[in-house]
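Here is a briefing on one protein chain. Please keep the structure open while reading.

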Amino acid sequence: MSNPSPAPQPRSGTQRIMEISFSLAPYRILVTALELGVFSAIANGKHSAADIAAAVGASQRGSSMLLDALVAFEFLEKQDGGYELTADSARYLVRESADYAGALLESGTQWEAWGHLAESVRSGKPWRSRSDTENAQQFFPMLIRTLHVTNRDLSHRLAAALVPHGARHGLRVLDIGCGSAVWSIAIAKIDPEARVTALDLPMVLESTRQFAARENLLDRYEFLPRDMHAADFPPSRYDVALLGSIVHMESPKQARDLFRRIHDALAGGGRLVIIDLIPMNDRTGPPLQMVFALNMLLNTDEGDTYTLAEYQSWLRDAGFARVETLEIGSHSPAIVATKVLP
C-alpha cells in the first residue's frame with residue numbers, strides 16, 4: 001500500500017519565518033557535498049552510502065543524511081538504495097568535468113560576505129576581508145569559469161538572434177569586460193568572418209585567451225588589457241558591443257558614461273547588447289534580482305541591479321535611437337540598443 005504525501009496546508013506567518021530560517025541549508029548541503037567530493041565519488045563508481053562515505057572520508061550516518069538531502073533537492077537520484085548522478089550533476093558538479101561549475105561555491109566567498117550584510121546595510125559600503133588585488137586574483141578565475149559554463153547555452157541563443165541565417169558576416173565586435181568571452185565566442189562561431197576586440201584587465205585576459213584558444217579563435221581576437229573606465233574606444237568602428245554581466249557593478253553615473261562612449265564607438269546601425277539581471281520597474285521582484293542587488297552592496301562600491309525603465313532612459317540619453325528586449329531563456333531578457341543610421 002502506498003504512503004501518500006500529506007496534502008499541503010496553508011502556511012502561517014511563523015511557518016514562513018521558520019522556512020526562511022532554514023533557507024541557508026540547501027547552500028550548505030551542496031557546498032558540503034562539493035567539499036567532500038561526493039559527486040566525484042559517485043562518478044567513480046561508488047553508489048552505496050557506505051562506499052561513498054569511505055571514499056570521501058566521512059561517517060556513514062552523516063553521509064546517508066547528506067545523500068538523502070541531495071536527493072530531495074534533485075542533485076542525486078536514489079535507486080534500489082543506491083545513489084546516482086543526475087545528468088546536470090554529472091556535467092556540472094563532478095570536479096573532474098570540463099563543465100564543473102562548483103569552484104565558486106567551494107571558495108566560500110559568498111558565505112563569508114553575506115555574514116556581513118547588516119554591516120554593509122548600516123554603512124552602505126561593501127565588506128572586504130582582503131585587499132582588492134588579493135581578492136581579484138583569487139576570485140576572478142573562479143567567477144570567469146562559472147559564468148562561462150552558466151552562460152554558454154544562453155550565448156548561443158543570443159548569437160543566433162543577433163546573426164540570423166542569411167545575415168551579413170564580418171561583424172566587428174567589442175566585448176567589454178569580456179571575462180571568458182563567452183558572449184563574443186558564440187558570435188564568432190556563428191559568423192566565421194567576425195573580428196572581436198576583447199577588453200578586460202590583464203589578469204582576466206590570461207583566462208580569456210585560454211577560452212578563445214579552446215575554440216580555435218585566437219587569430220580572430222584582439223586583446224586589449226585596459227580598465228574599461230579609462231579605455232579610449234575608436235569612433236564609429238564596431239557593429240556590436242557587448243556588456244555581459246557588467247553594468248550591475250557600475251554606478252548609474254558610470255553606466256551612463258559607458259553607454260555614451262559605446263554609442264560613439266559604434267558604426268551607424270550598430271548595436272549595444274546588455275545582458276544583466278533586470279528587476280521589475282517598481283523593484284518589488286523578482287527575488288533573484290533583489291537578492292543580487294544586495295550582493296552588489298556587499299561586493300561593490302556603487303553597483304546595483306537596474307530596471308528596464310532606467311536602462312531605456314539612460315540609453316536614449318546616450319543617443320541610441322531604439323531600445324528593445326530579446327528573450328534568450330534567462331532570468332532577464334537581453335537589452336539591445338541600436339544606433340541610428342547616418
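Leaving aside neighbours within four places in sequence, which residues is Leu-158 in contact with? They are Trp-183, Val-273, Ile-275, Leu-326, Ile-328 and Ala-334. The model is predicted. The points below cover its nonpolar cores, strand pairing, internal space and three single residues.

**Nonpolar cores**

- The largest nonpolar core has 32 residues. Leu-158, Trp-183, Ile-187, Tyr-221 and Val-273 touch the most other members.
- Helices and strands both contribute two or more residues to this core: α10 (132-162), α11 (182-190), β4 (195-200), α12 (202-214), β5 (221-225), β6 (238-244), β7 (266-275) and β9 (334-338).
- The top contributor is α11, which gives six residues.
- A second core is separate from this one and holds 30 residues. Among them are Leu-224, Met-228, Ala-231 and Ile-335.
- As background, nonpolar side chains in soluble globular proteins tend to be buried together.

**Strand β6 and its partners**

- β6 is mostly covered, with seven of its seven residues buried.
- On one pairing, β6 meets strand β3 (residues 172-176) in the parallel sense, over three bridges. Asp-175 stands opposite Leu-242 of β6 there.
- On another pairing, β6 runs parallel to β7, and six bridges join them. Leu-243 has Ile-274 in β7 as its bridge partner.
- Both β6 and β7 are also listed among the elements that give two or more residues to the largest core.

**Hairpin of β1 and β2**

- Strands β1 (residues 76-79) and β2 (residues 82-85) pair in the antiparallel sense. Four bridges link them.
- Glu-77 has Glu-84 in β2 as its bridge partner.
- Two residues lie between the strands of this hairpin. Asp-80 takes a positive phi there, near 55 degrees.

**The cavity**

- How many cavities of 30 Å³ or more does a search of the whole structure find? The search finds one.
- The largest cavity encloses about 30 Å³ of space.
- Its lining consists of Ala-33, Leu-34, Gly-37, Val-38, Phe-39, Ser-40, Leu-93, Val-94, Arg-95, Tyr-100 and Glu-106.
- Two helices, α2 (25-36) and α3 (38-43), each give two or more residues to that lining. α3 gives the most, with three.
- By class, the cavity lining has seven nonpolar, two polar and two charged residues.

**The second largest pocket**

- The second largest pocket has a volume of about 300 Å³.
- Ser-23, Leu-24, Tyr-27, Gln-110, Trp-111, Trp-114 and Gly-115 form its lining.
- Helix α8 (residues 109-114) gives the most to this lining, with three residues.
- The lining residues of this pocket divide into four nonpolar, three polar and no charged.

**Two residues of helix α12**

- Thr-208 and Glu-206 both sit in helix α12. Is each one buried or exposed?
- Thr-208 has a relative accessible area of 0%, so it is buried, under the 20% cut-off.
- Glu-206 has a relative accessible area of 55%, so it is exposed, over the 50% cut-off.
- Leaving aside neighbours within four places in sequence, Thr-208 is in contact with Cys-178, Gly-179, Ser-180, Ala-181, Ala-198 and Phe-223.
- Thr-208 and Cys-178 are 30 residues apart along the chain. Their C-alpha atoms are separated by 7.5 Å.
- Glu-206 and Pro-225 are 19 residues apart in sequence. They are 9.7 Å apart in space, C-alpha to C-alpha.

**Arg-261**

- Arg-261 is found in helix α13 (residues 252-265).
- Why does Arg-261 count as buried? Its relative accessible area is 17%, and buried means under 20%.
- Leaving aside neighbours within four places in sequence, Arg-261 is in contact with Met-228, His-229, Ala-230, Ala-231 and Phe-233.
- Of these contacts, Met-228 and Ala-231 are included in the second core.

Terms used:
Residues are numbered from 1 along each chain as its sequence is written. This is a predicted model: local features need pLDDT of at least 70, side-chain atom pairs count only at pLDDT 80 or more; totals for chains, interfaces and linings use all residues. Side-chain values use heavy atoms; hydrogens and water are left out. A nonpolar core is a set of buried Ala, Val, Leu, Ile, Met, Phe, Trp, Tyr and Cys residues joined through side-chain atoms within 4.5 Å. Buried means under 20% relative accessible area, exposed over 50%, partly exposed in between (1.4 Å probe, protein chains only). Contact means heavy atoms within 4.5 Å. Two strands pair if DSSP finds at least two bridges between them. On a 1 Å grid over the protein atoms alone, a cavity is a set of points where a 1.4 Å probe fits but cannot get out, and a pocket is an open set with protein on both sides within 12 Å along at least five of seven lines; lining residues have an atom within 4 Å of a point. Grid points are joined across faces, edges and corners, and a volume is the space filled by probe spheres set on the points. Ala, Val, Leu, Ile, Met, Phe, Trp, Tyr, Cys and Pro count as nonpolar, Asp, Glu, Lys and Arg as charged, and the others, Gly among them, as polar.
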